[in-house]
Amino acid sequence: MPWRSVSFEIAPRMAYDAPGASRERVAPFTATPTTATRIPMSTTLSPSARAAAPPAPHGTVRNYIGGAWAAPQAPLADVYAPATGAVIARVPLCGTADVDAAVQAAERALPAWRALPIKERVQVLFRYRSLLERDIEALTALIVEEHGKIPAEARAEIQKAIELTEFACSMPQIATGEVLEVSKGVECRIERVPVGVVASIAPFNFPSMVPHWTIPNAIVLGNCMILKPSEHVPISAGRIAELLTEAGLPAGVFNVVHGGREAVEAICDHPGIAAITFVGSTRVAQAVYRRGTANLKRVLALGGAKNHLIVMPDAEPEMTSSNVAASMSGCSGQRCMAASVMLAVGPTDAIVARVVDAARAVVAGESLGPVISREAKERIERYVTEAEEAGATVLLDGRNTVVPGKEGGFYVGATVLDHVTPEMRIAEEEVFGPVLAIVRAKSLDQALEIEARSPFGNAAAVFTERGATARYVAERATAGMVGVNVGVPVPREPFGFGGWGDSAFGVGDITGRGSIEFWTRTRKTTTKWNREAGTNWMS
Ligand code: NAD
């Protein structure tokens, strides 16, 4: 049986899963430290299992259901600060009853919320945007603590959350209906109506940005939402709930349920949830897509990635090397848009050398944060070792990186391998760390063949000074997001974010205009008021 650190809360269970049960309004965390010990996940609480554990400064995070904090009786998992390895909080691994309580709260809130004109709903988002700006430094600090990102990256994530909220603020202008006189005296009108109660399941790598891919658009379009954040980074979600409430969002429109697999499966199975977005690894994205659609829900599930950057001999060396190094090492390589494989076409040794110089300038603990967990660090380092043993050349080695003063942190230094072959695991699988595998290609067509072989299809990029080469690649790359001299080709609003192949399951994009289709249904109303128009084929 797999072992993981789990603890149980001693506080009695709150009876919030009964409809109408009262809930206390308290802080998002329990004030008193709980006891924790290393016990198997399936073991029930026993006094002997309550070995002393160090107190977590953030206590135990709580669900946010129906406008109140709720402390579920669920097994607890430790939340680590990746920069130090210290336990900073405990997160409940909730299940069916907690998801059901959130769905009931959302169902209670839905009729009044969806009945508001969108122009009124959007006022909450305008105020929320100001609150994000007001609290940007505190929100940044929280992400630095729970995720480990360096402050500049954490701040950029909040700035992106602000931009996503701004896009939602434009919904009254763009999510409009249509009306047309389809025959004499007969009018057809299409309007957008919300889907209902919806859920958003998030990964660890962007504790604020990825939830904001879905929250503002879904709620401004009239839905009520349940967010299931990653159990690795559960704290920011509580602040999102608090700020939305401060902005005036009615109770129950936005709810947070913590947990892992059990909570996700409960979301997939709950008959009260009409639509689910998922962002995470491909294996889980497939499972969520299958289970959610089998339960007749609308599902958009974004998965993992393996992004290829094609570097041509004519690429501008300075811009290319800094872009490639920033793409592979930014957010410690824990981005679904990170450069993972560099396809160096023809004589590109000088550019390779500059990429290594640029990557060497990235300093762990200063300009490079840790990876999310000890397991992630070990997994990433294994990929590097295995590739080295298979014949790759390690040009820059970030294994065994220790940051002075943060010896317990989960750091992997920027790593560059050359002469990786397309068959090596490091060239095929998602590594999700600050590691660049350089594969040499004899021609552009060979590079494109290697890119096309990957089942993932999130991003691809080409670095060249020739417009014709750029166009050639853009037309052939098998990825949903293509960069030309851009290492992280994230489409910004109003354009939508979404990959192809094993990087996305379902129809459409998760952000931008495309998200309007996902979060709404269309009602088509055909009307005839003009009696003089007589009878036509419809009447
Ligand atoms: P993950 O798949 O482990 O977890 C994602 C979510 O699923 C979490 O909320 C987690 O609690 C839940 N979960 C985990 N295991 C589960 C299981 N067996 N059954 C049901 N639910 C489960 O992903 P992660 O490690 O948190 O995030 C990193 C992954 O997310 C990478 O693969 C990355 O490429 C991907 N990602 C993709 C995009 C995109 O836009 N395509 C964006 C960000 C991250």
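**Group meeting: a hairpin, a buried asparagine and the cysteines**

Let's start with one pair: glutamate 178 has isoleucine 190, in strand 8, as its bridge partner. Keep in mind that this is a predicted model.

Now the two strands around that pair. Strand 7 covers residues 178–183, and strand 8 covers residues 186–194. They pair in the antiparallel sense, over five bridges. Together they form a hairpin, with two residues between the strands. Look at glycine 185 in this hairpin: its phi is positive, near 80 degrees.

How many of the six residues of strand 7 are buried? Zero, so to the count that strand 7 is hardly covered, we can add the cut-off: buried means under 20% relative accessible area.

Next stop, asparagine 205. Find the loop between strand 9, residues 197–201, and helix 6, residues 209–220. Asparagine 205 lies in that loop. Is it buried or exposed? Asparagine 205 is buried, because its relative accessible area is 6%, and the cut-off is 20%.

What does asparagine 205 touch, leaving out residues up to four places away in sequence? The list is His147, Lys149, Gln334, Arg335, Cys336 and Phe432. Zoom in on glutamine 334. Its backbone oxygen lies 3.0 Å from a polar atom of the asparagine 205 side chain.

Cys336 was on that list, so on to cysteines. Cysteine 336 is buried, because its relative accessible area is 17%. Cysteine 169 counts as buried too, at 8% relative accessibility. How many disulfides does the structure hold? Zero.

Terms used: Residues are numbered from 1 along each chain as its sequence is written. This is a predicted model: local features need pLDDT of at least 70, side-chain atom pairs count only at pLDDT 80 or more; totals for chains, interfaces and linings use all residues. Side-chain values use heavy atoms; hydrogens and water are left out. Helices (H or I, at least four residues) and strands (E, at least two) are DSSP runs, numbered from the N terminus. Buried means under 20% relative accessible area, exposed over 50%, partly exposed in between (1.4 Å probe, protein chains only). A polar contact is a pair of N or O atoms within 3.5 Å; within protein, one must be able to donate a hydrogen and the other to accept it, and residues adjacent in sequence count only if both atoms are side-chain atoms. Contact means heavy atoms within 4.5 Å. A disulfide is a pair of cysteine sulfur atoms within 2.5 Å. Two strands pair if DSSP finds at least two bridges between them.
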